[in-house]
Amino acid sequence: MNDRGKRDAPRMGERLAKRDVKPDLILSSPALRALATAEIIAGKLDYKAKDIVVDERLYAAAPDDLLEVLRGLGDKPKRVMLFGHNPELSELAHQLSNEITDLPTCAVAEFAIDTKSWSNVGKQAPAKVTVHYPKQP
């Protein structure tokens with residue numbers, strides 16, 4: 001992880017913690033930078049690093065493949081965080097909402113989707129989309 005990532009990941013985790021974000025599940029690519037970022041943010045959210053699910057399918061995956069990972073989550077987790085790579089995550093975010101064109105390093109895209117099952121993700125527009133950037137105050 002470069003210096004910018006070491007600075008921005010804790011900052012973004014603290015912002016999420018201030019908003020009382022509580023993920024039910026954190027999924028991460030096995031790549032060192034993605035997993036390190038997931039662990040830093042998880043720590044700020046009182047989510048145990050040992051509970052992060054490392055999923056090989058998130059490494060070098062096309063946006064449609066990432067969407068299939070999400071669709072396979074069933075109906076139990078309500079709030080999921082996904083840590084992976086660009087440009088794939090930016091493309092997935094754009095696929096879910098054309099409001100998003102690019103996600104810089106450590107950006108957080110938040111989608112509120114009115115559905116009971118992850119199998120419906122991407123089949124309807126999100127009820128709310130919010131993007132948080134490290135450079136925002």
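Helices here are DSSP runs of H or I with at least four residues, strands are runs of E with at least two, and both are numbered from the N terminus. Axes are lines fitted to C-alpha atoms, for helices over the stretch in contact, with angles from 0 to 180 degrees between N-to-C directions.

Before you start clicking: this is a predicted model, where local features need pLDDT of at least 70, side-chain atom pairs count only at pLDDT 80 or more, and totals for chains, interfaces and linings use all residues. Residues are numbered from 1 along each chain as its sequence is written, and side-chain values use heavy atoms, leaving out hydrogens and water.

**Stop 1: two helices**

Select residues 3-18 (helix 1) and 32-44 (helix 2). Their axes lie 8 Å apart and the helices pack at an angle of about 35 degrees. The crossing is right-handed, meaning that the near helix is turned clockwise from the far one by less than a right angle.

Now show side chains at the interface. Which residues of helix 1 meet helix 2? They are A9, P10, M12, G13, E14, L16 and A17, and on the helix 2 side you'll find T37, I40, I41 and K44. Contact means heavy atoms within 4.5 Å. By class, this contact has seven nonpolar, two polar and two charged residues. For that tally, Ala, Val, Leu, Ile, Met, Phe, Trp, Tyr, Cys and Pro are nonpolar, Asp, Glu, Lys and Arg are charged, and the others, Gly among them, are polar.

Stay on helix 1 and pick A17. Leaving aside neighbours within four places in sequence, A17 is in contact with K44 and L45. Is A17 buried or exposed? Neither label fits: A17 counts as partly exposed because its relative accessibility is 31%. The cut-offs are under 20% relative accessible area for buried and over 50% for exposed, with partly exposed in between (1.4 Å probe, protein chains only). For a sense of scale, draw a C-alpha to C-alpha distance from A17 to D64: 30 Å in space, 47 residues in sequence.

**Stop 2: the sheet**

Next, select 25-28, which is strand 1, along with strand 2 (53-54) and strand 3 (80-83). These make an open sheet of three strands in the order 2-1-3, with parallel pairing. Strands 2 and 3 each have a single partner strand, so one side of each is left without a neighbour in the sheet. Two strands count as paired if DSSP finds at least two bridges between them; strands 1 and 3 have four, in the parallel sense. To see them side by side, centre on L25, which stands opposite V80 in strand 3.

Then look along strand 3 itself. M81 and F83 point to one face and are buried, while V80 and L82 point to the other and are not. In a regular strand the side chains alternate between the two faces of the sheet.

**Stop 3: the cores**

Show L16, I26, I41, I52 and M81. These have the most contacts inside the largest nonpolar core, which has 30 residues. A nonpolar core is a set of buried Ala, Val, Leu, Ile, Met, Phe, Trp, Tyr and Cys residues joined through side-chain atoms within 4.5 Å. Helix 1, strand 1, helix 2, helix 3 (63-71), strand 3 and helix 4 (88-96) each give two or more residues to this core. Zoom in on L16: beyond its neighbours within four places in sequence, its contacts are V21, I41, L45, M81 and V108. A second, separate core has six residues, including A93, I100, A107 and V129.

Over in helix 2, pick L35. L35 is buried, with a relative accessible area of 17%. Not counting residues up to four places away in sequence, L35 touches S28, S29, I52 and V54. G84 is 49 residues from L35 in sequence, yet 8.2 Å away in space, C-alpha to C-alpha.

**Stop 4: backbone oddities in the loops**

Most residues other than glycine have a negative phi, and most peptide bonds are trans. Go to N86 and P87 for an exception: a cis peptide bond joins them, with omega about 15 degrees. P87 is in the loop between strand 3 and helix 4.

Now try D46, in the loop between helix 2 and strand 2. D46 has a positive phi of about 55 degrees, although it is not a glycine, and counts as exposed at 68% relative accessibility. A60 sits in the loop between strand 2 and helix 3. Phi of A60 is positive too, near 55 degrees, and A60 is exposed at 58% relative accessibility.
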